[in-house]
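I opened this model to look up its domains, its ligand site and its backbone oddities. My entries follow in that order.

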Amino acid sequence: MSDLSSVQNVQDQAKGDLEKIHNPQELEAFRIAYLGKKGKLSLLMERIKELSGEAKKDYGKAVNDLKRLIESSLSELKGKQTSGPAQTGSIPYDPTLPPLRPRQGSIHPITQTIQEISKLFVRLGFETVQGPEIETEYHNFTALNIPLDHPSRDAFDTFYVDDGRLLRSQTSTVQIRIMQSRKPPLSIIAPGRVYRPDAVDASHSFMFHQIEGLMVDQETTFGDLKGILKLFLRELFGSKTAVRFRPHYFPFTEPSVEVDIRWGKGWLEILGAGCVHPNVFKAVGYSTQKIKGFAFGLGVERMAMIRHGIPDIRLFYENDLRFLRQFS
Ligand code: PHE
């Protein structure tokens, strides 16, 4: 048999053998028989060094062509075997099995808390609204009766943007925006991010979330404020929760209170509130004679930390799935 016809011979055998391959085991056996160290191709190659001149060139080319042909047929077969579900090795294909789904994400605990609190207030007739995070000094301070010499207006106590605007330090800005654009009666809550240049530690962050509340009508009293906040806090923390109102000072409410809930043996400060200051009504063009209102503001992270016993505010922002999956 001539050298070239022995190459042809192996090629014919390979063609026949390839057609008989039905599973990965047979595929591997074929690979070893033809391309393995002691396989048929190696045997053919050994002959190359015994030839010379034109004959060596022709024979070498024929053997290499055959090798490439076998390699490409093999990889084609391999591709078919792995992509076709009916042939995946020894595991029978069961079309009735449920599909493997990618793991689903879930709502962030801060968003969950906002949604839960919003739901409670919506049941009490409040509407959810939003305002911008980049605000004017007017909305964040001036209209809220915060005087020029108030420490929070200082450049070191607020993030100012180049054009004179700032990152709002409280959601009370939304009180102003809503009253500027609508007439009373109003009952709104406004969840959103606020920013303060606080050093980050277990209970402080330069960014956190607040929910603002505002109710304005002809006869809205401090008694209404107390009733609504008590109802809300008992819905959230349990129907027997003791609630305490402590006198406080905010420039935009008068009188002002801080509200605590009984927690274990002590009291936990939960939110700030008060009756809307007449200067705030003046700033938005409401009549201070005919209109009364109350407002409150609470920290969302703080609420979530108390309710779930979370010890460190930074856990909310680190995207650690071991933490987040507990809320899915
Ligand atoms: N804006 C206040 C704060 O950030 C909270 C507050 C809102 C107090 C509304 C009274 C009324 O601390």
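**Domains**

I looked up the domain spacing and found 77 Å between the centres of domain 1 and domain 2, taken over C-alpha atoms. Domain 1 covers 3-83 and domain 2 covers 109-327; such bounds come from an automatic or database domain assignment.

**Ground rules**

I note that this is a predicted model, where local features need pLDDT of at least 70, side-chain atom pairs count only at pLDDT 80 or more, and totals for chains, interfaces and linings use all residues. Residues are numbered from 1 along each chain as its sequence is written, and side-chain values use heavy atoms, with hydrogens and water left out.

**Ligand site**

I checked which residues surround the ligand: there are 14, and Q170, S172, R196, Q210 and E212 come nearest. A residue is near a molecule if one of its heavy atoms lies within 4 Å of it. By class I get 5 nonpolar, 7 polar and 2 charged residues in this shell. Here Ala, Val, Leu, Ile, Met, Phe, Trp, Tyr, Cys and Pro count as nonpolar, Asp, Glu, Lys and Arg as charged, and the others, Gly among them, as polar.

I then sorted the shell by element. Strand 5 (207-217), strand 8 (266-276) and strand 9 (292-299) each give at least two residues, and strand 9 has the largest share with 3 residues. Strands (E, at least two residues) and helices (H or I, at least four) are DSSP runs, numbered from the N terminus.

Next I read off distances from polar side-chain atoms to the ligand. For Q170 a ligand nitrogen atom lies at 2.8 Å, and for S172 a ligand nitrogen atom lies at 3.0 Å. For Q210 the partner is a ligand oxygen atom at 2.9 Å. Taken alone, the ligand exposes 330 Å², and the protein buries 89% of that (Shrake-Rupley method, 1.4 Å probe).

**Backbone**

I looked for cis peptide bonds. The bond from P184 to P185 is cis, with omega near 5°, and P185 is in the loop between helix 7 (173-181) and strand 4 (186-195). The bond from E254 to P255 is also cis, with omega near -5°, and P255 lies in strand 7 (residues 253-263).

I also noted N145, which is not a glycine but has a positive phi of about 65°. N145 is in the loop between helix 6 (137-140) and strand 3 (166-167).

Methods: Polar contact = N/O pair within 3.5 Å; in protein donor to acceptor, adjacent residues only side chain to side chain.
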